[in-house]
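Here are a few exercises to work through with the structure open beside you. Try each task before you read its solution.

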Amino acid sequence: MEIRQIRYFLAVQETGSFTKAAEKMFVTQPALSAAIKTLEEELGAELLHRRHKQVTLTPAGSRFRDRAFSILAECSAAKSELMNAPRPRQLRIGMLDTLNTPPINNLLHEFHTTYPEMELHLQTGSKVELANKLGQGRVDMLLTSMGGDDFSRTQLPLYQERFQLMVSRQHDLANRASVRLSDLHGLPMVLRKNCEVLHEGKRVFLAEQAQPRITCRTDNDSWALTMVRNNLAAAILAETVTEPGTVSIPISDFGLTRTVACVWREHSDQEMVQLFTVFAARDSWRGALKAG
């Protein structure tokens, strides 16, 4: 049984004519007649007396008419209820692909726990990709890294962290409290092509005449971490990056950092963005950061 069949039936009983009912429902008479015939076959009862000048209801048709009105009323009520139901609020966040770290994961978890009615829609990408998405209005805000100390009113710095050497626990340097760039000369290393300080880091290495052996080039941090975990190479990553079976060691003469920040546009959804940034400015989610 279909809703259109019920509508066609009620149109015929109202107008007393298949022709007039077809005009009322904006369909051809043969299509309307076929739909009602199918309905009668499904119900196992004749609903209409088909006379030359007028169509009237059979006893079964009279009983079904009341049911038909109830069915349409329930359908209309269900449609209205769903259309008027409050939709969950959404915040679209562009996430820098190198920020899959405990502090950021904890921020998102704590925000969702505090505001369970808010849906977070995440899109990951590089800094350039995310900047384009924000400019095109495809995301409401970014969680990304910034350089320098100059921040605008549409940016909220969250924390700053150093870049350190990550090695396997079986690595020769694993027990060192710190290392120098000279210790990395000739060391098998991963070149992370998505690293925020890639070009600055190359200059620092050249200035210190330290030249590691690049044995893996990748823009996927999962591959970099796999290389480190399996003791195939070392890598330079932000200090909050964690991986089982590895250690992160400060590099005393490297000195490069990144500032993790929220960034949004003037015309972003101000209510949603403000809700998130006010929460992010608090200390309640920073347990993972302090522990690190």
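**Exercise 1. Which residues lie nearest the centre of the largest pocket, and how many residues line the largest pocket?**

Before starting, note that this is a predicted model, in which local features need pLDDT of at least 70, side-chain atom pairs count only at pLDDT 80 or more, and totals for chains, interfaces and linings use all residues. Residues are numbered from 1 along each chain as its sequence is written, and side-chain values use heavy atoms, leaving out hydrogens and water.

Step 1. Fix the terms. On a 1 Å grid over the protein atoms alone, a pocket is an open set of points with protein on both sides within 12 Å along at least five of seven lines, a cavity is a set where a 1.4 Å probe fits but cannot get out, and lining residues have an atom within 4 Å of a point.

Step 2. Find the centre: Leu191, Lys202, Phe205, Pro212 and Ile214 lie nearest to it, among the 18 residues that line the largest pocket.

Step 3. Add the volume, about 420 Å³. Here grid points are joined across faces, edges and corners, and a volume is the space filled by probe spheres set on the points.

Step 4. Trace the elements. Helices (H or I, at least four residues) and strands (E, at least two) are DSSP runs, numbered from the N terminus. β7 (188-192), α7 (198-207) and β8 (213-218) each supply at least two lining residues, and α7 gives the most, with five.

Step 5. Sort by class. Ala, Val, Leu, Ile, Met, Phe, Trp, Tyr, Cys and Pro count as nonpolar, Asp, Glu, Lys and Arg as charged, and the others, Gly among them, as polar. The lining of the largest pocket has 13 nonpolar, two polar and three charged residues.

**Exercise 2. Describe the second largest pocket and the largest cavity.**

Step 1. The second largest pocket holds about 180 Å³. Its lining includes Asp97, Asn100, Pro102, Ser222 and Glu243.

Step 2. Helix α8 (residues 221-229) provides the largest share of that lining, three residues. By class, the lining of the second largest pocket has four nonpolar, five polar and three charged residues.

Step 3. Turn to the largest cavity, with about 30 Å³ of space. Among the residues lining this cavity are Phe163, Arg192, Glu196, Ala238 and Arg258. Four nonpolar, one polar and four charged residues make up the lining of the largest cavity.

**Exercise 3. How do α1 and α3 lie relative to each other?**

Step 1. Two packed helices are described by the angle between their axes and the distance between the axes. Axes are lines fitted to C-alpha atoms, for helices over the stretch in contact, and angles run from 0 to 180 degrees between N-to-C directions.

Step 2. The axes of α1 (residues 3-15) and α3 (residues 29-43) come within 9 Å and cross at roughly 105°.

Step 3. Angles under 35 degrees count as roughly parallel, over 145 as roughly antiparallel, 65 to 115 as roughly perpendicular and the rest as oblique. α1 and α3 are therefore roughly perpendicular to each other.

Step 4. In the contact (heavy atoms within 4.5 Å), α1 brings Arg4, Gln5, Tyr8, Phe9 and Val12, and α3 brings Leu32, Ala35, Ile36, Thr38, Leu39 and Glu42. Seven of these contact residues are nonpolar, two polar and two charged.
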